[in-house]
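Biologist: Please take me through this structure, and justify each term as you use it. Could we begin with the ligand?

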Amino acid sequence: MYDLSGPQGLVRPDYRAARKKQRAFCVWFTGLSGAGKSTLAVHVEQFLHNQGRHTFILDGDHVRAGLCRDLSFSEADRRENIRRVAEVARLMVDAGLIVLVSFISPFRRDRDAARALFPAGSFYEVFVETPLAECERRDVKQLYAKARQGLIPQFTGIDSPYEAPISPELRIDTSELSINESVVQIICAIGT
Ligand SMILES: Nc1ncnc2c1ncn2[C@@H]1O[C@H](COP(=O)(O)OP(=O)(O)OP(=O)(O)O)[C@@H](O)[C@H]1O
Ligand SMILES: [Mg+2]
């Protein structure tokens with residue numbers, strides 16, 4: 001049987017990144033719903049793309065509609081959701097891409113397991129630490145209102161825990177920084 005954990009042919013992952021004239025890595029955005037993960041991923045991607053980088057975004061809403069459409073929001077399925085996304089992100093990094101991942105990813109052990117899949121120095125955890133009150137004020141998807149009415153059980157920050165990162169590579173509070181200021185901080189942190 002073909003061993004996917006081992007060498008995959010004669011073209012090494014770093015050769016693929018070198019062909020794209022870049023370093024391949026994963027930027028993992030975590031934080032509450034409405035914190036600004038997707039917004040920042042989109043703007044960071046645009047910045048990198050304009051610089052000639054090869055990028056891809058894995059976003060919770062899209063992945064849940066396809067790759068993980070069989071999964072619910074139970075704790076076990078949320079964990080499986082993150083496990084799959086981390087594996088896909090790792091494959092994309094091996095393909096030489098800069099991958100931007102934007103999922104609530106509320107559980108610390110799942111984010112740590114994701115980090116463990118990547119070579120040292122190629123995983124950047126960005127904690128989008130916008131306070132719950134601000135996320136709820138924005139209520140972009142009207143999910144907080146529904147959760148407060150009891151219509152969405154186990155909603156992160158309301159009746160399901162969010163475990164904050166202990167030592168992320170970067171913290172961004174979008175109630176204090178503009179989108180552009182946040183992008184600058186992220187670009188400085190990833191050093192590209
Ligand atoms: N400085 C800022 N940075 C990012 N987003 C901001 C900022 N100020 C206001 N916003 C707004 O906050 C909202 C953040 O929503 P976004 O969909 O990015 O959150 P999310 O973390 O991806 O949530 P979800 O987990 O539900 O997908 C957007 O409407 C965005 O325009
Ligand atoms: Mg989002």
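Modeller: Ligand 1 has 17 residues around it, and those that come nearest are Ser33, Lys37, Thr39, Lys141 and Leu177. This is a predicted model, in which local features need pLDDT of at least 70 and side-chain atom pairs count only at pLDDT 80 or more, while totals for chains, interfaces and linings use all residues. Residues are numbered from 1 along each chain as its sequence is written, chains are lettered from A and ligands numbered from 1 in the order in which they are written, and side-chain values use heavy atoms, with hydrogens and water left out.

Biologist: What makes a residue count as near the ligand?

Modeller: A residue is near a molecule or strand if one of its heavy atoms lies within 4 Å of it. By class, the residues of this shell are seven nonpolar, seven polar and three charged. Nonpolar covers Ala, Val, Leu, Ile, Met, Phe, Trp, Tyr, Cys and Pro; charged covers Asp, Glu, Lys and Arg; the others, Gly among them, are polar. Helix α2 (residues 37–50) gives the largest share, four residues. Helices (H or I, at least four residues) and strands (E, at least two) are DSSP runs, numbered from the N terminus.

Biologist: What makes the pair between Thr39 and ligand 1 a polar contact?

Modeller: A polar contact is a pair of N or O atoms within 3.5 Å; within protein, one must be able to donate a hydrogen and the other to accept it, and residues adjacent in sequence count only if both atoms are side-chain atoms. An N or O atom in the side chain of Thr39 is 2.5 Å from an oxygen atom of ligand 1, so the pair qualifies. The side chain of Lys141 offers an N or O atom at 2.7 Å from a ligand 1 oxygen, and a backbone N or O atom of Gly36 lies 3.0 Å from one. Taken alone, ligand 1 exposes 640 Å², of which the protein buries 78%; such areas come from the Shrake-Rupley method with a 1.4 Å probe, and for residues only the protein chains shown count as cover.

Biologist: Why is Glu125 called buried?

Modeller: Buried means under 20% relative accessible area, exposed over 50%, and partly exposed in between (1.4 Å probe, protein chains only). Glu125 has 5%, so it is buried. It belongs to strand β4 (residues 123–128), and its C-alpha atom is 5.3 Å from that of Glu169, 44 residues apart along the chain. Val126 is also placed in strand β4 and, at 2%, is buried. The C-alpha atoms of Val126 and Ile186, 60 residues apart along the chain, are separated by 8.0 Å.

Biologist: What makes the phi of Asp139 worth a remark?

Modeller: Most residues other than glycine have a negative phi. Asp139, not a glycine, has a positive phi of about 35°, and Gln142, not a glycine either, has one of about 60°. Asp139 is in the loop between α6 (132–138) and α7 (143–148), as is Gln142.

Biologist: How do you know whether Asp139 is buried or exposed?

Modeller: Its relative accessible area is 9%, under the cut-off, so Asp139 is buried. Gln142, at 47%, falls in the middle class and is therefore partly exposed.

Biologist: Which class does Pro13 fall into?

Modeller: Pro13, in helix α1 (residues 13–19), has 36% and is therefore partly exposed.
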